[in-house]
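Me: I'm new to this structure and would like a close look at a single part of it. Could you start from one cysteine and work outward from there?

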Amino acid sequence: MKNINKIYSILENGTTYPPVSIEYIENIEKQLNIIFPKEFKIFYTQISNGFCLDDYTLYNIDEIVYKAKEKYLNKKFQLTNTLFWGDENLPPIEVEYGNIEVSDMGDGMTWCLIVNSNLSYGTMWFFTEWGIQKCKNDFDFLEWFELWSQRKDNELFD
């Protein structure tokens with residue numbers, strides 16, 4: 001298990017919200033026909049229902065559900081590696097498949113959690129106007145949150 005105490009100490013610097021119940025999460029999973037990764041469930045049911053520190057905002061679960069309705073969660077996320085637009089060998093790719101947006105960084109940049117994929121399930125990806133970048137080491141939600149919330153962006157990518 002990740003160092004939950006480290007995450008709690010990070011949260012002291014921002015705004016947190018009371019966690020939601022596991023039943024609430026399970027109802028959302030049924031509604032969206034997905035299974036959230038274990039680390040995501042731990043955060044939202046045991047730690048906080050969202051987070052805000054200056055311009056860094058992690059959506060609460062209701063915002064995530066609202067945004068998820070714009071995605072095609074029943075279709076699998078197709079990538080396993082970073083992809084930059086303009087690559088001549090770029091296969092046809094649908095970026096709205098199998099992921100949920102958890103944070104909007106502005107200027108067309110969002111952080112998404114992969115919730116439907118054979119190879120990238122549970123990993124965090126950065127969607128931008130220039131491409132889609134995978135976190136190094138296939139970071140899960142809690143690993144990503146620890147670095148992201150401390151603004152250690154340089155440690156999130158190779």
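Reply: Cys52 sits partly exposed in this predicted model, with a relative accessible area of 23%. Does that cysteine have a partner, and where is the closest one? The closest cysteine sulfur belongs to Cys112 and lies 18 Å from the sulfur of Cys52, which is too far for a bond. A pair has to come within 2.5 Å to count as a disulfide, and a search of the whole structure turns up zero of them. Cys112 is in no disulfide either: its nearest cysteine sulfur, that of Cys135, is 11 Å away. While Cys52 is partly exposed, Cys112 counts as buried, at 0% relative accessibility.

Now for the surroundings of strand E2, which spans 51-53. One neighbor is helix H1, whose buried residues pack against E2 and also against strand E1 (15-16), helix H3 (38-47) and helix H5 (141-148). Which residues of H1 are buried? They are Ile4, Ile7, Ile10 and Leu11, in a helix that covers residues 4-11. Those four take up an arc of only 115° around the axis, so they end up on the same side of H1.

Two of those partners, H3 and H5, also meet each other. Their axes come within 7 Å and cross at roughly 65°. On the H3 side, the contact is made by Glu39, Phe40, Ile42, Phe43, Tyr44 and Ile47, and on the H5 side by Phe141, Leu142 and Phe145. Sorted by class, that gives eight nonpolar residues, no polar ones and one charged.

Just past E2, the chain enters the loop that leads to strand E3 (56-58), and Asp54 is found there. Its side chain meets that of Arg151 in a salt bridge, at 3.4 Å from N to O. This pair ties together distant parts of the chain, since Arg151 is in the segment after H5, 97 residues apart from Asp54. How open are the two ends? Asp54 is exposed, with a relative accessible area of 64%, and Arg151 is partly exposed, at 36%. There's a third member as well: Asp54, Asp55 and Arg151 are linked in a network of salt bridges.

How many salt bridges are there in the whole structure? The search finds six. Another one joins Lys67 and Glu101, at 4.0 Å from N to O. Here too the pair links distant parts of the chain, with Lys67 in helix H4 (residues 61-68) and Glu101 in strand E5 (residues 99-106), 34 residues apart. Glu101 is buried, with a relative accessible area of 11%, whereas Lys67 is partly exposed, at 22%. Lys134 and Asp138 form one too, with their closest N and O atoms 2.9 Å apart. Asp138 is partly exposed, at 40% relative accessible area.

One last stop takes us back toward the other cysteine. Following strand E6 (109-114), a loop runs on to strand E7 (124-128), and Ser120 is in that loop. Is Ser120 buried or exposed? At 3% relative accessibility, Ser120 counts as buried. Leaving out residues up to four places away in sequence, Ser120 touches Phe77, Leu79, Thr80, Ile114 and Trp125.

Methods:
Residues numbered from 1 in each chain as written. Predicted model: local features only at pLDDT ≥ 70, side-chain atom pairs only at ≥ 80, totals over all residues. Heavy atoms only, no water. Buried < 20%, exposed > 50% of the residue type's maximum accessible area, 1.4 Å probe, protein only. Helix = DSSP H or I, 4+ residues; strand = E, 2+ residues; numbered from the N terminus. Arc of directions from axis to C-beta. Contact = heavy atoms within 4.5 Å. Axes fitted to C-alpha atoms, helices over the stretch in contact; angles between N-to-C directions. Nonpolar A, V, L, I, M, F, W, Y, C, P; charged D, E, K, R; others polar.
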